[in-house]
Amino acid sequence: MGEKLKIAVMGASGRMGRMLIDTILDSDKADLIGVTERPGHDWIGHDLGEALGRPPMGVPVYGDPLDLIVKAQAIIDFTTPEATLAHAALTAQARCIHVIGTTGFSDQDIAALDAAARHATIIRAGNMSLGVNLLTRLAQQVAAALDEDFDIEIVEAHHKHKVDAPSGTALMLGEAAAAGRGIELASHSDRGRDGITGARTDGHIGFSAIRGGDIVGEHDVIFAGAGERIVLRHVASDRAIFARGALKAALWGQGKGPGHFSMASVLGLA
Ligand SMILES: NC(=O)C1=CN([C@@H]2O[C@H](COP(=O)(O)OP(=O)(O)OC[C@H]3O[C@@H](n4cnc5c(N)ncnc54)[C@H](O)[C@@H]3O)[C@@H](O)[C@H]2O)C=CC1
Ligand SMILES: O=C(O)C1=N[C@H](C(=O)O)C[C@H](O)C1
């Protein structure tokens, strides 16, 4: 067997950070060489095992991402847009693989990631699961087969702690449906209806977000016509699906060179 990929996890104490740690520890293809947390976090300076209330692991928790990125071949980053942009500037310098699951980026943020991807191998997706990436393809195909008589609505539901809406997945699905229909999403998007909104605009793609409890992530793409309705649905019940996808992306990134890749490329769906 070849050498294991040296991976770092950013934002280790988060919902996804914890899931990623266990996924990497279970892998025989990757070594977890360190993790980070945000400045001031009480895990910094401790061994990860100790921080998690487990036996020592020999995996340090860093406060300065640079100290870890210089040692890593790949980093996996499910943090915040601000933190991910700062990490991207460092992975560009280090010519490192940067797997980005973070959502909530502005167009300007994406342009900054495109710039970093001239040097780093960035693999980014609003959803790293196989199921959602397959659903994205299906949404594009159905949108291409139907005309404007079918209204496209995307409904997503997530846990009460989620800070961005629409979800990254909803936007991926919206982009796919828009591509299938041959339109630009930005100019054909209806978000956050409230009050006397007027009738629905033909050809637009609508987004609605539900937030509550511990919902892991649910997405419906609805094609509503006169007298019939098609609903494409994905339900995530375990965050492990995202962590497995992220690890797969990091391993896929080996030897790829600089670029801004999607999960569809990793899964052979592009
Ligand atoms: N693409 C995908 O498949 C998925 C994407 N996500 C996205 O991942 C992101 C994180 O989600 P959760 O884990 O639920 O959030 P969370 O809030 O539980 O975790 C984020 C972690 O990042 C840490 N963090 C913040 N700033 C940091 C910094 N400067 N340096 C290091 N760590 C920092 C926080 O302290 C926290 O531990 C969100 O944007 C979410 O939408 C979540 C699940 C799947
Ligand atoms: O914040 C989450 O939890 C999730 N975020 C991603 C998104 O914004 O779509 C992926 C998944 O749905 C969980």
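Q: How do the residues of the shell around ligand 2 divide into nonpolar, polar and charged?
A: Sorting needs a rule: Ala, Val, Leu, Ile, Met, Phe, Trp, Tyr, Cys and Pro count as nonpolar, Asp, Glu, Lys and Arg as charged, and the others, Gly among them, as polar. Here the shell around ligand 2 has no nonpolar residues, eight polar and one charged. This is a predicted model, where local features need pLDDT of at least 70, side-chain atom pairs count only at pLDDT 80 or more, and totals for chains, interfaces and linings use all residues. Residues are numbered from 1 along each chain as its sequence is written, while chains are lettered from A and ligands numbered from 1 in the order in which they are written.

Q: Which residues are around ligand 2?
A: A residue is near a molecule if its C-beta atom, placed from the backbone, lies within 6 Å of it. Around ligand 2 these include Thr-103, Asn-127, His-158, Lys-162 and Ser-167.

Q: And which residues come nearest to ligand 1?
A: Gly-11, Gly-14, Met-16, Ala-83 and Gly-101 do, out of 25 residues around ligand 1. By class, this shell has seven nonpolar, 15 polar and three charged residues.

Q: What does the domain assignment give for the protein chain?
A: Such bounds come from an automatic or database domain assignment. Domain 1 takes 5–124 + 239–266, and domain 2 takes 130–236. Seven residues from domain 1 and eight residues from domain 2 make the contact, counted when C-beta atoms, placed from the backbone, lie within 7 Å. On the domain 1 side, three are nonpolar, three polar and one charged.

Key: Two residues are in contact if their C-beta atoms, placed from the backbone, lie within 7 Å.
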